[in-house]
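Me: Please look closely at how the strands pair in this model, and then follow the answer outward to whatever packs around them. I would like the terms explained as they come up, with their cut-offs.

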Amino acid sequence: MKEQLHRSVVIIGSGPAGLTAAIYAARADLKPLVIEGPQPGGQLTITTDVENYPGFAEGIQGPELMEQFRAQAARFGTEFITSWIDQVDLSKRPFTLHTEDHEIRAETLIIASGASAKWLGIPGEAPAPHGLGGLGVSACATCDGFFFKGKKIIVAGGGDTAMEEATFLTRYASRVTVIHRREQLRASKIMQEKAFNNEKIDFIWNTEIKEIIGTSETGVTGVRLYDNVTKEERIFKCEGVFIAIGHKPNTDMFRGWLEMDAVGYLKTAGRSMATNIPGVFACGDAQDSFYRQAVTAAGTGCMAAIDAERFLDHLPVPTPTGEEITIEGERVTADHEIVIMPDGEVVPNKAESESATASD
């Protein structure tokens with residue numbers, strides 16, 4: 001028999017978004033439950049130096065930062081379960097989540113399941129100590145570009161992400177070489193033009209990266225390239241490798257339940273973190289395809305927790321349609337003029353004093 005749990009706030013994910021949501025929900029005395037996956041702490045646990053998170057003047061190691069996040073959430077009474085979620089049922093409240101050992105009912109659900117960078121799956125790419133990840137291999141130019149001042153680096157990819165990363169990296173690198181397996185880019189015209197017109201960016205076409213070369217002492221020293229046309233291999237010397245072939249949000253379990261874009265990022269209201277199902281909120285990289293930073297994830301985690309608190313307090317929360325909805329199902333129209341009650345009754349959304357003034 002599975003252990004049955006019933007909580008006011010359940011949070012899926014324990015990265016910056018999920019743990020910030022937990023901190024806010026716990027301080028609001030909502031006693032949140034965080035369901036951690038097999039990698040508690042999210043992508044920052046495989047990051048070395050973090051120098052762009054506010055409050056750490058000398059920088060901090062990614063795993064240590066997430067340990068502090070977790071300890072702060074635990075300090076206020078957050079409960080943690082480490083498990084995969086096998087199935088969800090969002091057809092009614094309380095929502096139901098199934099793990100191998102638990103059946104969890106949630107009055108509100110905050111999805112902070114994050115996203116995973118897409119990797120090439122080649123030798124040398126894995127996080128240290130098994131590979132050179134964090135030692136010259138990265139999937140985030142904004143996060144790690146600063147560490148490559150004056151260095152020769154390569155970017156793998158041919159889409160908008162790769163062009164954006166390559167262009168950004170020219171601020172620091174002495175030379176940026178884009179490696180693309182085809183003879184033309186997939187990126188949008190404007191992004192291609194920006195890259196082609198940047199004198200610090202070179203291109204190698206019809207070529208795949210087969211291996212990232214280096215040691216834990218030296219970091220990355222080069223890559224082994226394979227020419228798809230000539231079938232020849234060669235070593236290309238560089239000091240950094242940025243994999244820029246996109247990200248995949250960890251949201252597959254919510255397909256058919258929640259509105260998402262073509263890639264899988266969950267759609268939220270904008271003014272709130274509400275999804276199309278009242279009482280379900282999304283934050284962090286599960287819904288942010290643009291910024292993907294620890295600090296922005298933490299910010300949306302804060303927003304999601306406040307939204308959940310407001311919803312549980314029977315106050316209206318903005319939804320993706322522009323209307324607002326309460327936990328009882330009262331809907332405030334996008335123009336704020338009327339309220340549609342759960343039974344269908346339509347009433348003005350004005351105080352009596354306002355109505356009286358309008359009629360005078």
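Reply: Two strands are said to pair if DSSP finds at least two bridges between them; strands (E, at least two residues) and helices (H or I, at least four) are themselves DSSP runs, numbered from the N terminus. The model is predicted, so local features need pLDDT of at least 70 and side-chain atom pairs count only at pLDDT 80 or more, while totals for chains, interfaces and linings use all residues. Residues are numbered from 1 along each chain as its sequence is written, and side-chain values use heavy atoms, with hydrogens and water left out.

Strand 22, residues 331-332, is joined to strand 23, residues 338-340, by two bridges in the antiparallel sense, and within this pair Val332 has Val339 of strand 23 opposite it. These strands belong to an open sheet of five, with antiparallel pairing and the order 20-21-22-23-24. At its edges are strand 20 (317-318) and strand 24 (346-348), each of which pairs on one side only.

A parallel arrangement is found elsewhere in the chain, where strand 11 (residues 152-156) and strand 12 run parallel and are joined by five bridges. Lys152 stands opposite Arg175 of strand 12. Together with helix 4 (residues 160-169), strands 11 and 12 make a right-handed β-α-β unit, where right-handed means that, with the strands pointing away from the viewer, the path from the first strand over the helix to the second runs clockwise. Strand 12 also pairs with strand 13 (residues 201-204), again in the parallel sense, over four bridges, and Thr177 has Asp202 in strand 13 as its bridge partner. From strand 12 the chain crosses through helix 5 (residues 189-196) to strand 13 in a second β-α-β crossover, which is right-handed. Strand 12, residues 175-179, has four of its five residues buried, so it is largely enclosed by the rest of the structure; buried means under 20% relative accessible area, exposed over 50%, and partly exposed in between, with a 1.4 Å probe and protein chains only.

For a single strand residue, consider Ile85, which is found in strand 6 (residues 85-89). Ile85 has a relative accessible area of 11% and therefore counts as buried. Leaving out residues up to four places away in sequence, Ile85 touches Ile12, Ile35, His98, Thr99 and Met253, contact being heavy atoms within 4.5 Å. The C-alpha atoms of Ile85 and His102, 17 residues apart along the chain, are separated by 9.2 Å.

Turning to the interior, the largest nonpolar core has 35 residues; such a core is a set of buried Ala, Val, Leu, Ile, Met, Phe, Trp, Tyr and Cys residues joined through side-chain atoms within 4.5 Å. The residues with the most contacts inside this core are Val9, Ile11, Tyr53, Leu65, Ile110, Phe281 and Cys283. Strand 1 (3-12), helix 1 (16-27), helix 2 (62-75) and helix 6 (294-312) are the elements that give two or more residues to the core, and the largest share, eight residues, comes from helix 6. Leu65, setting aside its neighbours within four places in sequence, is in contact with Leu44, Val50, Tyr53, Phe56 and Ile60. Apart from the largest core lies another, of 23 residues, which includes Leu5, Leu97, Ile104 and Phe254.

Helix 1 is mostly covered, since 10 of its 12 residues are buried, among them Pro16, Gly18, Leu19, Thr20 and Ile23. The cover over these buried residues includes strand 1, strand 2 (33-36), helix 2, strand 5 (79-82), strand 8 (102-111) and helix 6. After helix 1 comes Asp29, whose phi is positive, near 65°.

The cysteines complete the picture. A search of the whole structure finds one disulfide, a disulfide being a pair of cysteine sulfur atoms within 2.5 Å; Cys140 and Cys143 form it, with their sulfur atoms 2.2 Å apart. The torsion about their S-S bond is about 70°, so this disulfide is right-handed. Cys140, at 17% relative accessibility, counts as buried, whereas Cys143, at 28%, counts as partly exposed. Cys238 is in no disulfide, and the nearest cysteine sulfur, that of Cys140, is 18 Å away; Cys238 is buried at 3% relative accessibility. Cys302 is likewise in no disulfide, with the sulfur of Cys283 the nearest cysteine sulfur, 10 Å away, and Cys302 is buried with a relative accessible area of 16%.
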